[in-house]
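This briefing introduces a protein structure to a reader who has not met it before. Please look over the sequence and the model, and then follow the points below, which begin with one detail and widen from there.

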Amino acid sequence: MSALLSESSVLRSQLPGADFVHACQMAAPRNGRSALQTYRDMAAAVPGWFDGLMGLRNHGMRLLRMKDLGSLRAVQQTVDPRPGQRLGIFTLQALSEDAIVLEDNDRHLRVQLALQWHGDTLEVATVVHTHNAFGRLYMLPVAPVHRLIAPYLLNKQVRGYQ
């Protein structure tokens, strides 16, 4: 698994000025799965401890009068999503058979997440631009946790596809 975006990543154009970049790729049997279905599968398979971390994050943010992102699993409730529509904790930015680009953008930071098929290789990529000191402070604990969680979720998803 690499921490660098692939050359054909849909997020490559977002790299200039990024404060955090992470990507991981793994070989996986695509078997005709769309990027949206893959994202739905990954969200449905999120372990309970991840939901617990999101619950702690949301509780802390509510105390600071910040945005509660809700649950990653809420993506399952959206039928035929369109750009601008909320999918779980993110807003859909772009969707094709091969790639889904999701985003959360507020006054502190802009997070973009992409799941992209490159043949029978699945890539999960994240690019973050912080807007202010709070965004940079927020990323201090989030960045190392993300570097552990993203490959874990990707590996878990790929094992489920075998």
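Arg 86 has Thr 91, a residue of strand S3, as its bridge partner. The model in which this pairing appears is a predicted one, and the points that follow place the pairing within the sheet, the helices and the protein as a whole.

**The sheet**
- Strands S2 and S3 are paired in the antiparallel sense, and two bridges join them.
- The wider arrangement is an open sheet of six strands, in which the order is S1-S6-S5-S4-S3-S2 and the pairing is antiparallel.
- At the edges of this sheet are S1, which covers residues 20–27, and S2, each of which pairs on one side only.

**Helix H1 and its surroundings**
- Helix H1 packs on the sheet, where it touches S2, S3, S4, S5 and S6, and its direction makes about 115 degrees with that of S5.
- Because seven of the ten residues of H1 (residues 35–44) are buried, this helix is largely enclosed by the rest of the structure.
- The buried residues in H1 are Ala 35, Leu 36, Thr 38, Tyr 39, Arg 40, Met 42 and Ala 43.
- These buried residues pack against strands S2 (86–87), S3 (90–95), S4 (99–105), S5 (109–118) and S6 (121–130), and also against helix H3.

**Helix H3 and His 146**
- Helix H3 lies across S1, S5 and S6, and it runs at about 5 degrees to S1.
- His 146 is found in this helix, which spans residues 133–161.
- Is His 146 buried or exposed? With a relative accessible area of 19%, His 146 counts as buried, because the cut-off for a buried residue is under 20%.
- Leaving aside residues up to four places away in sequence, His 146 touches Phe 20, His 22, Thr 126 and Pro 151.

**The protein as a whole**
- The protein contains three helices and six strands, and when it is read along the sequence these follow the pattern β-α-α-β-β-β-β-β-α.
- Of the 162 residues in the protein, 47% are buried.
- When contacts between residues at least 6 apart in sequence are considered, 58% of them join residues that are at least 24 apart.
- The accessible surface of the protein comes to about 8,100 Å², and carbon and sulfur atoms account for 58% of that surface.

Key. Residues numbered from 1 in each chain as written. Predicted model: local features only at pLDDT ≥ 70, side-chain atom pairs only at ≥ 80, totals over all residues. Heavy atoms only, no water. Helix = DSSP H or I, 4+ residues; strand = E, 2+ residues; numbered from the N terminus. Buried < 20%, exposed > 50% of the residue type's maximum accessible area, 1.4 Å probe, protein only. Contact = heavy atoms within 4.5 Å. Areas by Shrake-Rupley, 256 points an atom, 1.4 Å probe, with all protein chains shown as cover. Pairing = 2+ DSSP bridges. Axes fitted to C-alpha atoms, helices over the stretch in contact; angles between N-to-C directions.
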